[in-house]
Amino acid sequence: MNYENIEFTVEDGVALLRLNRPESLNSFTAAMHGEVRKVLSQAAEDKLVRCVVITGNGRGFCAGQDLNDRAVAPSDTMPDLGDSVENYYNPLIRLITHMDKPVICAVNGVAAGAGANIALACDIVIAGRKASFIESFAKLGLIPDSGGTWILPRLIGMARARGLAMLGPKVSAEQAADWGMIWQVVDDEVLMDTVLALAKQMATQPTRGFAFTKKAFLSSATNSLDEQLEVEKELMRSAGKTYDYKEGVFAFIEKRNPEFRGE
């Protein structure tokens, strides 16, 4: 299908979503939200898709919300930004974090505001060397949304999270990697080759195991140790009943490469 604000393809088990409003640094409008949610929901349900990649076209990944969008622009009647968060950003973050497939983000330039937090909500984040992350909300008198107040402290600690949220400095890709915000930094010219090679490799791995791992980490944020041990027990029970577990064991015993089905 042809989309106005994104590009979307599926190949070799990898769904590739490119935000495609480069003239506005891929900032979000209601229309782009609709297209993004549609294709990510489609990827979540498509059994042929075993890994998802999100990136942006042009010189930036995503500048967050398009402030020219009527839904959020101040006027005589001030907008209800809570509605915008509830209707657009919260569903997107839930879709990414709860998807039963790994989601990789390739950050190709600036990731600001909601754009930064959407990237950080992905399972693996790889950034080009010229990329940067900016929690720009404070400059507008706002708070970090799109899960930012939940994700940032867990990645980099409360002190750094508060500093980023209240001061809004630009964090380089190298600094983000040093702080543990992201997985890896690569040269800009090999960013997509690196990410797509990883995605294609992950698309051949035990997808259900990845899904169980995502669920385990999500629940660990609020569980006690004893509660989390129970979660691990139940998820391990489920993982042990998958085809891929059986295949992995047989492949190990038979000294061959496993052929996982993602089942």
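## Helix H8 and a few residues worth finding

Start with a quick check on helix H8: with 14 residues at 1.5 Å a residue, H8 should span 20 Å, and its end C-alpha atoms are indeed 20 Å apart, so the two values agree. Keep in mind as you look around that this is a predicted model.

**H8 and its partner**

How do the axes of H8 and H9 cross? Helix H8 covers residues 207-220 and helix H9 covers residues 225-239; their axes come within 10 Å and cross at roughly 170°. Because angles over 145 degrees count as roughly antiparallel, H8 is roughly antiparallel to H9.

If you want to see where the two helices touch, go to Phe212, Lys215, Ala216, Ser219 and Ser220 on the H8 side. Across from them, H9 brings in Gln228, Val231, Leu235, Ser238 and Ala239. Sorted by type, the residues of this contact are five nonpolar, four polar and one charged.

Here is a handy bit of background: an α-helix has 3.6 residues a turn, so residues three or four places apart point the same way. Try colouring the buried residues of H8, which are Thr207, Ala211, Phe212, Lys214, Ala216 and Ser219. What do they pack against? The answer is helix H2 (81-98), strand S5 (103-107), H9 and helix H10 (243-253).

Thr207 deserves a closer look. This residue sits in helix H8 and has a relative accessible area of 4%, so Thr207 is buried. Leaving out residues up to four places away in sequence, Thr207 touches Arg50, Asp100, Lys101, Pro102, Asp244 and Gly262.

**A buried residue in a loop**

Now move to Ala131, which you'll find in the loop between strand S7 (124-128) and strand S8 (132-134). Is Ala131 buried or exposed? With 3% relative accessibility, Ala131 counts as buried. Its contacts, apart from neighbours within four places in sequence, are Val107, Gly109, Val171, Ser172, Ala173 and Asp188. Take Ala173 from that list: Ala131 and Ala173 are 42 residues apart along the chain, yet their C-alpha atoms are separated by 5.4 Å.

**Two residues with positive phi**

Asp12 is not a glycine, but it has a positive phi of about 55°. You can spot Asp12 in the loop between strand S1 (6-11) and strand S2 (14-19). Lys255 isn't a glycine either, and its phi is positive at about 55°. Look for Lys255 in the segment after H10.

To pull the accessibility values together, here are some of the residues mentioned so far:

| Residue | Relative accessibility | Status |
|---|---|---|
| Thr207 | 4% | buried |
| Ala131 | 3% | buried |
| Asp12 | 53% | exposed |
| Lys255 | 75% | exposed |

**What about the cysteines?**

How many disulfides does the structure hold? Zero. For Cys51, the nearest cysteine sulfur is that of Cys122, 10 Å away, and Cys51 is in no disulfide. Cys51 also counts as buried, at 0% relative accessibility.

Cys122 has a cysteine partner to check too. Its sulfur is 4.5 Å from the closest cysteine sulfur, the one in Cys105, and that is too far for a bond. The reasoning rests on a cut-off: a pair of cysteine sulfur atoms has to be within 2.5 Å to be a disulfide. Cys122 is buried as well, with a relative accessible area of 6%.

How values were computed:
Residues numbered from 1 in each chain as written. Predicted model: local features only at pLDDT ≥ 70, side-chain atom pairs only at ≥ 80, totals over all residues. Heavy atoms only, no water. Buried < 20%, exposed > 50% of the residue type's maximum accessible area, 1.4 Å probe, protein only. Axes fitted to C-alpha atoms, helices over the stretch in contact; angles between N-to-C directions. Helix = DSSP H or I, 4+ residues; strand = E, 2+ residues; numbered from the N terminus. Parallel < 35°, antiparallel > 145°, perpendicular 65-115°, else oblique. Contact = heavy atoms within 4.5 Å. Nonpolar A, V, L, I, M, F, W, Y, C, P; charged D, E, K, R; others polar. Expected span 1.5 Å × (residues − 1).
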